[in-house]
Amino acid sequence: MSIKTVQSLLIIPILTLTTLSTASAHETPTAPDDWLVKESPYTEDDIDKTFIKKAGKLYKRKCKKCHGSKGNGKGSAAADLEVKPPKFNASGYMASRKDGQFFWVLINGSEGTDMEAYGPGTDVSLSEEQLWQLIAYMRASFTQ
Ligand code: HEC
């Protein structure tokens, strides 16, 4: 066996181990500063019952299967995911994240996870307004 063959035989298990260990240690990436400062176009006055009902319907259609109706990350599809959805309803979770963080993940998705990009031009192609409506819905419904 040549040295090259021995090297490639060793490299495969090492790469596999590295991939496995990064997968289990996944942390949701943080948005760059210029995204974190982005603010919702909606103010408290806009967010009434009708608004929440409409955004709630969209959440049920597009997000619930992973994030769960209570935002606890236990939707029907969540068990099969390698990187699990976060528990939005955990104490302090929503307060620890800015709207700009959520908007960034919704526009870009989260690489290496099943969290897709949902903004304009993607497969699902929600408008920016719809993304902000979903964020407002999550804040109103999952904040502890
Ligand atoms: C196929 C499963 C799946 C669907 C459907 C899904 N998500 Fe996710 N979502 C995830 C996973 C997994 C993560 C964790 C990503 C990570 O940790 O990098 C995530 C992360 C997020 C985050 C980032 C939270 C943070 O702390 O930064 C937000 C916000 C989010 N999802 C909102 C939504 C919304 C709104 C929808 C519906 C439009 C949606 N997701 C649909 C699986 C999904």
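Author: A residue counts as buried under 20% relative accessible area, as exposed over 50%, and as partly exposed in between (1.4 Å probe, protein chains only). The structure is a predicted model, in which local features need pLDDT of at least 70 and side-chain atom pairs count only at pLDDT 80 or more, while totals for chains, interfaces and linings use all residues. Residues are numbered from 1 along each chain as its sequence is written, and side-chain values use heavy atoms, with hydrogens and water left out.

Reader: Why is methionine 115 called partly exposed, and what makes histidine 67 count as buried?

Author: Methionine 115 has a relative accessibility of 22%, so this residue falls in the range in between and counts as partly exposed. Histidine 67, at 12%, is under the cut-off for burial and therefore counts as buried. Over the protein chain, buried residues make up 29% of the 144 residues.

Reader: How do you know which residues coordinate the iron atom of the ligand?

Author: A donor is an N, O or S atom within 2.8 Å of the metal (3.2 Å for Na, K and Ca), and sites may look incomplete because water is not among the atoms. His67, through NE2, and Met115, through SD, coordinate the iron atom at 2.0 to 2.2 Å, so both atoms meet that criterion. Histidine 67 lies in helix H4 (residues 64-67) and methionine 115 in the loop between helix H6 (99-108) and helix H7 (128-142), so the pair ties together parts that are 48 residues apart in sequence.

Reader: Why is the arrangement around the iron atom called octahedral?

Author: Six donors count as octahedral if opposite donors are over 155 degrees apart and all others between 65 and 115. Around the iron atom of the ligand, the six donor atoms subtend angles of 85 to 178 degrees, and the arrangement is therefore octahedral. For reference, the ideal angles for six octahedral donors are 90 or 180 degrees.

Reader: What makes a residue part of the shell around the ligand, and which residues are the closest?

Author: A residue is near the ligand if one of its heavy atoms lies within 4 Å. The shell holds 27 residues, the closest being Cys63, Cys66, His67, Tyr93 and Met115. An oxygen atom of the ligand is 2.3 Å from an N or O atom in the side chain of tyrosine 93, and a polar side-chain atom of arginine 97 lies 2.6 Å from an oxygen atom of the ligand. The elements that give two or more residues to this shell are H4, H6 and H7, and H6 gives the most, with four residues.

Reader: How do you know what kind of element each of these is?

Author: Helices are DSSP runs of H or I with at least four residues, strands are runs of E with at least two, and both are numbered from the N terminus. By that rule the protein chain has seven helices and zero strands, and the order of its elements is α-α-α-α-α-α-α.

Reader: Why is glutamine 133 called buried, and what joins its side chain to tyrosine 42?

Author: Glutamine 133, in helix H7, has a relative accessibility of 13%, and this residue therefore counts as buried. A polar contact is a pair of N or O atoms within 3.5 Å; within protein, one must be able to donate a hydrogen and the other to accept it, and residues adjacent in sequence count only if both atoms are side-chain atoms. The side chains of glutamine 133 and tyrosine 42 are joined by such a contact, at 2.8 Å.

Reader: Is lysine 74 buried or exposed?

Author: Lysine 74, in the loop between H4 and helix H5 (93-96), has 58% relative accessibility and so counts as exposed.

Methods. Four donors count as tetrahedral if all angles lie between 85 and 135 degrees; four count as square planar and six as octahedral if opposite donors are over 155 degrees apart and all others between 65 and 115; anything else is irregular.
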